[in-house]
Amino acid sequence: MSVWDDLVGQARAVETLQAAARRARDIVENPENSENARAMTHSWLITGPPGSGRSSVARAFAAALQCTGEEVGCGACPGCTSTLARSNGDVTDVETSSVIIPIEQIRDLVYQSQSAPSRGRWRVILIEDADRMMERGANTLLKAIEEPPERTVWLLCTPSPEDMITTIRSRCRHLALRIPPAGDVAQLLTDKYGVAPERAAAAARLAQSHIGRAKGLASDDAKIREYQELMHLALGATSIGEAVLNAETLMARATDIETKRQETAFEAEEAELRRALGIGEGESIPAHMRYHFKNLKDEQKRQATRMQRDALDRVLLDLLAFFRDLLAGQLGAEVGQISVGLDDALRDRARKLNVHATLECISHVERARQLLQTNTKPLLIMEALLAALVPGK
């Protein structure tokens, strides 16, 4: 077992990181060798589409940097296990569900980066969604990346290099990931989680090789039913009015489970803040402390907004897969079907749409995905999309 075992379909990236981790060990064990120091890369930009495993790759690399085992990245030593468990004090893992990473948090990370590692070999700062930094935050980070301390490594994860400002991009070593083949993801589900091969293959295709989602689909029939229900809502409207009603229902159901989970988390956060400030349950909040709760509410609102948009984007990705299957059938392409349990819907659309109309549907869905990244209200986006997808409108 090693820290690289779960990195499916990323052989080239693993090879690069293994070599870098071995060089990093040489620096720690032979600090007098100036060639090692010059060869060390202190700032990495790890990019890849959703599902490529950016954060998993970065965390495996962080573990390899802290490794003290015989083989770098052994997966068994305290450095590896504590990093993978997110309990290593020298590894800061920044994961946010907010729309943005606030500049105050970036400043705190820059401050942390100046400290030498306390117990491990390197101080590693991993920002999982670095593309959520605003320009001011990125500029704050720039100086720390330009002149990092000897034992600090920055790992920035984004969907594409263009998501980072040019000045940071030019100062990082770029590592590009790819979506792993569905067959490799299915094999992982079978080998590591004991999923039956046929079920694993279907889950991997439906998840479009997104390992985290594939695990959920393979282990929970309710997730398959939820996916099918959302697809029927998105595709089932026969009039503009019905499309508008379906859009509202789809939004509510797509975000319902996550909303309940978020509400529970938000209540816990507020209770923890009360305890930290010494305010008992049921006691009124003193005026001079209210700004703490206002800041918390603002942050929670940003998290809820991001959660809603992420949930809707998953629906849009599933719609793109549906129309891809439809187009493949219309063109007679012999490719594996992604959609599960939607054969009747595919046959119905095949009767009603020609290739040109199918391509237009794909364009509508892609446009909706782009709009989700703007300040346009999600409900308006979904209403317009479902109305555009009504056959023969």
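These legends go with a set of close-up views of a predicted model.

**View 1. Cysteines without a disulfide.**
If you're hunting for disulfides here, the count is 0. Take Cys74 to begin with: it is in no disulfide, and the nearest cysteine sulfur, on Cys67, sits 3.7 Å away. A disulfide needs two cysteine sulfur atoms within 2.5 Å, so a gap of 3.7 Å doesn't make the cut. Cys74 itself is buried, at 16% relative accessible area. Then there's Cys157, which is in no disulfide either; its nearest cysteine sulfur belongs to Cys172, 11 Å off. Cys157 is buried as well, with a relative accessible area of 0%.

**View 2. Trp44 meets Phe61.**
Searching the whole structure turns up 2 aromatic pairs, and Trp44 with Phe61 is one of them. The two rings are arranged edge-to-face, with 5.1 Å from centre to centre and 70 degrees between the planes. What does this pair tie together? Trp44 belongs to strand E1 (residues 43–47) and Phe61 to helix H3 (residues 54–66), so the contact links parts that are 17 residues apart in sequence. Neither ring has much solvent to look at: Trp44 counts as buried at 1% relative accessibility, and Phe61 counts as buried at 1% too.

**View 3. Phe322 and Phe323, side by side in sequence.**
Here is another aromatic pair, formed by Phe322 and Phe323. It is edge-to-face, with the ring centres 5.2 Å apart and the planes at 85 degrees. Are these two residues buried or exposed? Phe322 is buried, at 0% relative accessible area, and Phe323 is buried with a value of 0%.

**View 4. An arginine over a tryptophan.**
Zoom in on Trp122 and you'll find Arg151 lying over the face of its ring. The distance to the ring centre is 5.7 Å. Keep Trp122 in mind, since it also turns up in the lining of the largest cavity.

**View 5. The enclosed cavity.**
How many cavities of 30 Å³ or more are there? The count is 1, and the volume of the largest cavity is about 40 Å³. Its lining is made of Ala21, Ala24, Arg25, Ala64, Leu65, Cys67, Val72, Arg121 and Trp122. Cys67 is a familiar face, being the residue whose sulfur is the nearest cysteine sulfur to that of Cys74. Helix H1 (11–29) and helix H3 each bring at least two residues to this lining, with H1 giving the largest share, 3 residues. H3 is also the helix that carries Phe61. Sorted by class, the cavity lining has 7 nonpolar residues, no polar ones and 2 charged ones.

**View 6. The second largest pocket.**
This one is a pocket, with a volume of about 240 Å³. Its lining consists of 13 residues, and those nearest the centre are Gly79, Ser82, Asn88, Arg119 and Gly120. Which helix gives the largest share of the lining? That's H4 (residues 78–84), with 3 residues. By class, the pocket lining breaks down into 9 polar, 3 charged and 1 nonpolar.

**View 7. Helix H16, mostly covered.**
Helix H16 runs over residues 378–388, and 8 of its 11 residues are buried. The buried set is Pro378, Ile381, Met382, Glu383, Leu385, Leu386, Ala387 and Ala388. Note that Glu383 is on that list, and that a glutamate counts as charged.

**View 8. Two loop residues with positive phi.**
A bit of background first: most residues other than glycine have a negative phi. Arg86 has a positive one, near 60 degrees. You'll find Arg86 in the loop between H4 and strand E2 (91–94). H4 is the helix that supplies 3 residues to the lining of the second largest pocket. Arg86 is partly exposed, with 47% relative accessible area.

Ser209 also has a positive phi, near 70 degrees. Its spot is the loop between helix H9 (197–206) and helix H10 (211–219). Is Ser209 buried or exposed? Ser209 is buried, at 5% relative accessible area.

Notes:
Residues numbered from 1 in each chain as written. Predicted model: local features only at pLDDT ≥ 70, side-chain atom pairs only at ≥ 80, totals over all residues. Heavy atoms only, no water. Buried < 20%, exposed > 50% of the residue type's maximum accessible area, 1.4 Å probe, protein only. Phe/Tyr/Trp six-rings, centres within 6.5 Å; stacked < 30°, edge-to-face > 60°. Helix = DSSP H or I, 4+ residues; strand = E, 2+ residues; numbered from the N terminus. Lys NZ or Arg CZ within 6 Å of the ring centre and 35° of its normal. 1 Å grid on protein atoms, 1.4 Å probe; cavity = no way out; pocket = protein on both sides within 12 Å on 5 of 7 lines; lining within 4 Å. Points joined across faces, edges and corners; volume = space filled by probe spheres on them.
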